[in-house]
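I sat down with a fresh model today and kept notes as I went. Here is what I looked up, in the order I looked.

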Amino acid sequence: MFVPSLTDEAGTVLTVSDWVSIDVKLASCDLSDLLLKPGIVVLQQLDSLAAYWDWPGELVLNALFIPNNAQGQCVIRSKYDGKILRFTYDEILLLIQQLNPDYVALPAYLLPLATQAYPDIILKCIDYDLEHANKPGQDALQGLMYASGDEVDYLITDNKYAMDFSVLDKACGCPACSDGYTRAYLNMLDAVNNAQPQSQPLVIESL
Ligand SMILES: [Zn+2]
């Protein structure tokens, strides 16, 4: 079963109404991403995870990718500024309990404490491969298009699609296919993105 992530690179370019329009009823959020943005102070004030997203379906809160250290803390390095954030196991489990998602994916190191002190969370624990569940989003980022019928999956970045004005998949009813976006158009978008110059390092002059 595929479960798109609302918080990864692919998920964050779409809005909740985009997901709903393609009939997604179950999505996941990565807790390590949420702890960076909006951050624990905001998360602790929320009534629920669903309220934060205004999400009408079901949500998996994925804590699988939160590393821990030898001192028994959850440790996350910010991808924005490199700052290290540390949380106690109880802080994380209390937060999960308060966010009240429909399902939870916990790392093995949190299971003993959750079993002992947070039975509500254990009841919601699911055990499946979330990386696999989010594969379509990751494939799309690489330009891999899924085809139906007799066609085979293809890479839209391939030069042979530069002048191919057919839609991605004739049988597909998604907004991209039904609005008539062509293979040539998406091939061009990829080419434009890859042609951009490397960004220059930010230089901050001291005052
Ligand atoms: Zn489509």
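Before reading any sheet, I fixed my rule: two strands count as paired if DSSP finds at least two bridges between them. I also kept in mind that this is a predicted model.

**Entry 1, the parallel sheet.** I asked which order the strands of the open sheet take. I found three strands, arranged E1-E2-E5, with parallel pairing. The edges are strand E1 (26-30) and strand E5 (103-105), each of which pairs on one side only. I then checked the twist: neighbouring strands here are turned by 25° against each other on average, direction ignored.

**Entry 2, a helix on the sheet.** Helix H2 (residues 31-43) packs on this sheet and touches E1 and E2. I noted that the direction of H2 makes about 60° with that of E1.

**Entry 3, E2 with E5.** I looked up the pairing of strand E2 (residues 58-62) with E5 and got three bridges in the parallel sense. For Val60, the bridge partner in E5 is Tyr103.

**Entry 4, the hairpin.** Next I turned to strand E3 (residues 73-77) and strand E4 (residues 84-88), which pair in the antiparallel sense over five bridges. Arg77 stands opposite Ile84 in E4. How many residues lie between E3 and E4 in the hairpin? I found six, and Gly82 in the turn has a positive phi of about 80°.

**Entry 5, domains.** Last, I pulled up the domain assignment, which gives domain 1 (11-132) and domain 2 (144-194). The C-alpha centres of domain 1 and domain 2 are 33 Å apart.

Conventions
Residues are numbered from 1 along each chain as its sequence is written. This is a predicted model: local features need pLDDT of at least 70, side-chain atom pairs count only at pLDDT 80 or more; totals for chains, interfaces and linings use all residues. Domain bounds come from an automatic or database domain assignment. Axes are lines fitted to C-alpha atoms, for helices over the stretch in contact, and angles run from 0 to 180 degrees between N-to-C directions. Two residues are in contact if their C-beta atoms, placed from the backbone, lie within 7 Å.
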